Structures are given as C-alpha cells and as structure tokens.
Amino acid sequence: MLNKMLSQSIDTLKGIGKSKMKTFSEHNITTLRDLILYLPKSYEDRRNPTAIRNINSEGSYFVVGRVLNKNFKSNWKKSILNFDVIDSSGAMIHVTFFNAFYINNLIKEGKVYSFYGQINYNLGWLQMIHPEFCEAESESDIRGIVPVYSNISSISGRQIRNFIKQINDIDPLEYIEEWIPESILNTANVCSISYALKGIHFPKTKSQILEGRYRLIFGELLTLETGLLLIKGRSRGDKFGPVITGERMWDYIDKLPFELTEDQKKAASDISSDLSSSRPMNRLIQGDVGSGKTVLAESSMYAVAKAGYQSAFMAPTEILAKQHYDTISKTFNKYGLKCGLLVSNQSQKLKKSVLNDLKGGKIDVVIGTHAVISDKVKFNKLGLVITDEQHRFGVNQRRMLSEKSTNPNVMVMTATPIPRTIAVVVFGDLDISIIKTMPKGRKKIITRVSSDSSNSKISRDKVYENLREEIRKGRQGYVIAPLIDESDVIDANSATKLFEEMQLKFPDIKIALLHGEMNAETKEKIMEDFYNNKISLLVSTVVIEVGINVPNATVMVIENTERFGLAQLHQLRGRVGRGGDQSYCYLILNSKSETAITRAEIMESTSDGFIIAEEDLKLRGPGDILGKRQHGLPDLMFAHLTKHIDVLKKTLQIANEILADDPNLAKEKNKMLKSKIKELYGDNLNLTL
Ligand code: ADP
Ligand code: MG
C-alpha cells in the first residue's frame, strides 16, 4: 500500500544522514508522516515578482530577471560567484554566492531566472546574497505561495521545505489515510486529510491553506472529544445508579451553625436532585477557595449514608485528607455515622481494619488520598465518589474509582476557576454547579505588592512589622518560598534560609518550617501544631497550596512572587481570610519583568478567581492552565482549547452523534477514528474495546 511509505524513516530522503536524522528525532520526527505533520509557520506570497525599479527599502523580495556580467573566481579552497540581474523595469540588482562551485554550473549568463531573498543596500547597490533561485519558466517551488518552515536546530526551514517536497514527489499526499468517516466530512463540510496537507504544504490559493488548517484542528478536536466521551463511558446509553433520597442533605444543612449562601443552596439542590434520580450524578462543583464546597460534600455524604450507601472522599494530599477526616469524622460521629481514613502513611494494622470495615459495610465514609483507589480497597455498597481539587487527578484515576461500584454518583470539586465555556468541553458531559458568592462576613483580603526597590508601595520592614502585629494579636501567618534549599542556579529565596532569618528576626515567636521533602509524619505533626495554634508562623514551600483550613491565619507573605503563576498565587492567598478577621497578603517581588509586575498587580486589584483565571489565560495561554498535568488531557498539535472554542463545541456535538450511533466504535467506518483516538491518548487510554 502506498501510504505504508509514510511510515518509512526520514533517512530514506536525499540529504538526510545520520546527523540530521538525530536532530529530527530529538524533535520527535522520525518518519515521513511525522515530517508532513510539521507545518509551515507562515507563507510568502511569491506569485507576482516585484519590479526591481520599485524596490526602495531593504527586505525580502521576489524578482525575475536576466543574468548579466557573470564573474566566477576560485582557488582550490574558496570560490565566489558574482553577477547582475536586470529585469523588465530596466533596473538591476547585484547577486553574490560564496563557495559556489555547484551554483556556478546552474546559472547561465543571459538566461532568465526567478530569485527570492533578502535585499540589502551595499554602497548604494541593491544586493542579494545566496538567494533561492530557479529557471524562470520552471514550475519550481520557489514561485507561488511558498511555505516558510521554522528551523529545527541546525536544519534550516529551506531544507525542510525541500525534504517535504521530496516526500510529495515519491508518495503523493493523496494517499495519506483518512480517519474521519466520510459522512462526517460531508455533513461538517470539512476537507479530507490529504487535501488538507497538500493545501498546507503546496498551496495554490490562500483559501486552501485555511481550509487545510481548519481540517487539522477539526480532526484533532474530534478525536479528542470522541476519546473523552469514550473514556467517561457515559455515552453508551442510559445507566442506572443508586437512588438516594437527596432531600436528606437538608437535614444536615439545617443543623449547620451558618446559613448557606445562595450559590451553595443552588448547588445543594442540584446535587439533591442528581442523587434522587436513577441516572448517576456526574457533577463538577466549581467554587473559589473559601466559597464553602466542603459542606456540600459533607451533606451529600450524609444523605448517601442515611440511604445505606458508602461514600469515598479523595483529597490530593495526605495533609488535606487528614484534615478533612478530622473535621468530618467529628461531626459524622455525632450522627452515628462512621468514617475511616486511608492514606499511604499509616500503620498496617489500622489500614487493615479500615479495609475490613469498608468491605463489611461498617464504615460509611472513607476519606483519603489516591490510596482509596488502590486495588486492595473493596467497598460493600459504594454510592458516591467525591474528589476534592479535582484538577489534580487524571481522567483515568477518576475512572478507576468509578469502577469500584456499578455506576456510583460522582462529584468533583475544584477551586480552579476554568471559564465555563472551556469547562463544558474539557469535562465533556459533566454537569456544572458554580459557587460565586462568598459566605457572609468574609472580608476581602488586603493584598499589597512589595519589592526591594525604593519606589515600592510597602517596604519589607513594614511587611514584617504588620506580620508581627497580627501574631501579637494571637493570629497566625505563613511565609511562602519557592524553593526548599538554597540553590546556586536559581536566584530565589529558599524556605530553609527564610526560616533561619525569621527565627533571628522574631526570636519570641514560635516558627516552624514545612516542605515537601519532609517525611509525612513530620509534616503532619507540624500541620497539626499549626492548626492547634501551637505554632504561630509557618515558613513553607507550596505544599500548603491546596485546601488547608486554618481560619485563625490572617497573614501571608509570598517571597519571589514572580516565580508563581496567577492561579497558584490565588490558591495560596486563599489560605488566609478564612475566618471573620481582616486578612493580609504581601507579595514580595524580586523581578522587574513586566509580566511579573502585571501579575502582582492583578492579584492586588481583584480577588475574583474567575477574573484571575481569565487573566492567567491571557498571560500564559491555555497550555499551562489546562496542561496535561492538571487534567490528563493529551497534548494537542494543532488545536487551541480557547482559540478554537467554536470548533470544540461543534466536534463535541459530532462526537456525541458518532457514539450514539456506534457506542464502542465497532463499526467499520469508525475503525480509523478509533485507532486515531488510541494514538492520541496513548497510555492514558486503557480502552478495553
Ligand atoms: P473551599 O470551598 O475552599 O473548600 P471550605 O469548604 O473549606 O472552602 O470553607 C471555608 C470555610 O467557610 C469553612 O470554615 C466553612 O465552615 C466556612 N463556610 C462554608 N460555608 C459557609 C457559609 N455559608 N457561611 C459561613 N461560613 C461558611
Ligand atoms: Mg476545599
């Protein structure tokens, strides 16, 4: 088959030897197919030559003219070729080639050629050095709309263009395999893959390029969305899950010492009706730090327990799991419900008894890290699975947990305020509840940027003065550093160094150091002491980023603010301002970079997580926010989740239609699409189809 050729190694091309092969493969290009998926970064319109007489500034030009005054000089080592080119406008440019033994033979005096290259002024002359050229009548690739490829290390874009042309010569792209079913290409009005690639590498018109690009984005997003829906396995017809009297949530809520905010109430009633229906819940609760998501988890687990089912609650860190366990088990015990904790760092004996009790149905709620989804854990009657700070878990991990029971209700909670439009697509078929209103009486955290420069709005000394004042009042504080230890390479403050400095500065204050490389026991002891106000000041790395709840902490100092992303700063800041007291956040900036300053200023001006997320999106692009690390989505080559949101929506809809017609992609027409999905998701997609 012809397209087998595309799987051949690129060193079958003329001009690619060992060293180029190595360079290419360092950039994940090893086959001819990889190379044709390397797209031009831009195009040069060389359809119409510029009249030399009209050239009045330096730049890249396409000219066509006759070669005159050819002059070739050489010794055994070096050579230089000079000639003039005169065109129909009657004006001339001077052309020079160095080391031109080979070119000297190609250029004939008196013949007409096309030239493309940079024109510079040299002593009043227009001069071109080493232009691209071809005979004027030839159908060469230097004329027309010419693709420009980025260099790959030492391999120039021009060489790459030549290699791609070679591929086209041996194996016309027409034969590249199509993976989107034809009926879909027709209804969606999208061109075939071969037409697209041909149009992108060898365009005749500009619209061909656009059509081609659209096709690649469409194809990638269709694969992404169909894959997502497959992973979630929800489009395989109706599923039935446990039916729970959701209204019992309100029994729990009514006994809380505070009233729910409007958005919390709305979310609670969403959850309540999800639980009551036979269709399993699949809901994302999105709410800013401190907006009160935990009570929603608690009240739903309460209702589920009252209906005789078990719940599993997963937190991203051991510290957080333990903290949730402590608070939740206290309240639940009062209602006669039993909680268990499962973390990797606990005695075998305790673990065993929790596992036994879970299996025997004696435990109503298990709280833990991903230890909860290890194979050893067996449930008696699992009815609800909750993950806190969902973005920390991959798609697969969530799926594994859901597999522990037949269609449990699933609820994911996140403080990462992903704009709704994107969330809808990224999380496919999840229903979404958003909590925007903050609990009453919550004071806005006062945020100030400080730098060591003289025009800083607040000095470091003043920051420390305020820190001391808060602690004197009995409050607690955090100092956050980007590094654990001093580094020779990175110029940033380390927690260890700051810890020493703080001890010298505040000899009378109880200070502790916390970082990720400490063993779990030590970390937990420190957190516990901080929680119980035995420690007043915690010097820490970002291990405290997620979800720690110490309402008495009112002040946070973040060192080297420039080293943190906006979303991360927002998370960090959310550790203070959790009680009724006025809280403060000081951002210490050690950089004059514009982005760093802009970021700090955004933090100063708003506390709305959604605005911060939008700004973050603008500053960093979606790659970082919706990075693989965060949600388990594969890397995309062509599409942008935010830029191509319209295509994303369209492909989501089509993906749904495809799966409605063929839930397992078993039909012949969908075979190629299915293998494309496997290719895109790689190891992350453990599809047993
Ligand atoms: P997050 O959404 O960040 O997980 P939490 O659930 O930890 O926030 O809630 C933060 C704090 O706010 C907790 O101490 C919680 O008891 C309290 N809280 C939650 N809802 C309300 C409310 N409606 N009114 C007052 N306090 C509330
Ligand atoms: Mg939380």
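Here's a quick walk through two acidic residues and a ligand site in a predicted model.

Housekeeping before we start. Residues count from 1 along each chain as its sequence is written, while chains are lettered from A and ligands numbered from 1 in the order they're written. Local features need pLDDT of at least 70 and side-chain atom pairs count only at pLDDT 80 or more, with totals for chains, interfaces and linings using all residues, and side-chain values use heavy atoms, leaving out hydrogens and water.

Okay, ligand 1. Which residues come nearest? Of the 16 around ligand 1 (a heavy atom within 4 Å), those are Gln264, Gly290, Lys293, Thr294 and Arg442. The side chain of lysine 293 puts an N or O atom 2.8 Å from a ligand oxygen, and glycine 292 has a backbone N or O atom 3.1 Å from an oxygen of ligand 1. On its own, ligand 1 exposes 570 Å² (Shrake-Rupley, 1.4 Å probe), and the protein buries 83% of that.

Next up, glutamate 562, in the loop between β20 (553-558) and α18 (566-573). Glutamate 562 is buried (under 20% relative accessible area, 1.4 Å probe, protein chains only), yet has no salt bridge, meaning a Lys or Arg side-chain nitrogen within 4 Å of an Asp or Glu carboxyl oxygen. Arginine 563 is the nearest oppositely charged side chain, 6.0 Å away. So what does the side chain of glutamate 562 reach at 2.9 Å? The backbone nitrogen of asparagine 590.

Last one: aspartate 357, in helix α12 (residues 348-359). Why call aspartate 357 buried? Because its relative accessibility is 14%.

Technical notes: Helix = DSSP H or I, 4+ residues; strand = E, 2+ residues; numbered from the N terminus. Buried < 20%, exposed > 50% of the residue type's maximum accessible area, 1.4 Å probe, protein only. Lys, Arg positive; Asp, Glu negative; His and termini not counted. Polar contact = N/O pair within 3.5 Å; in protein donor to acceptor, adjacent residues only side chain to side chain.
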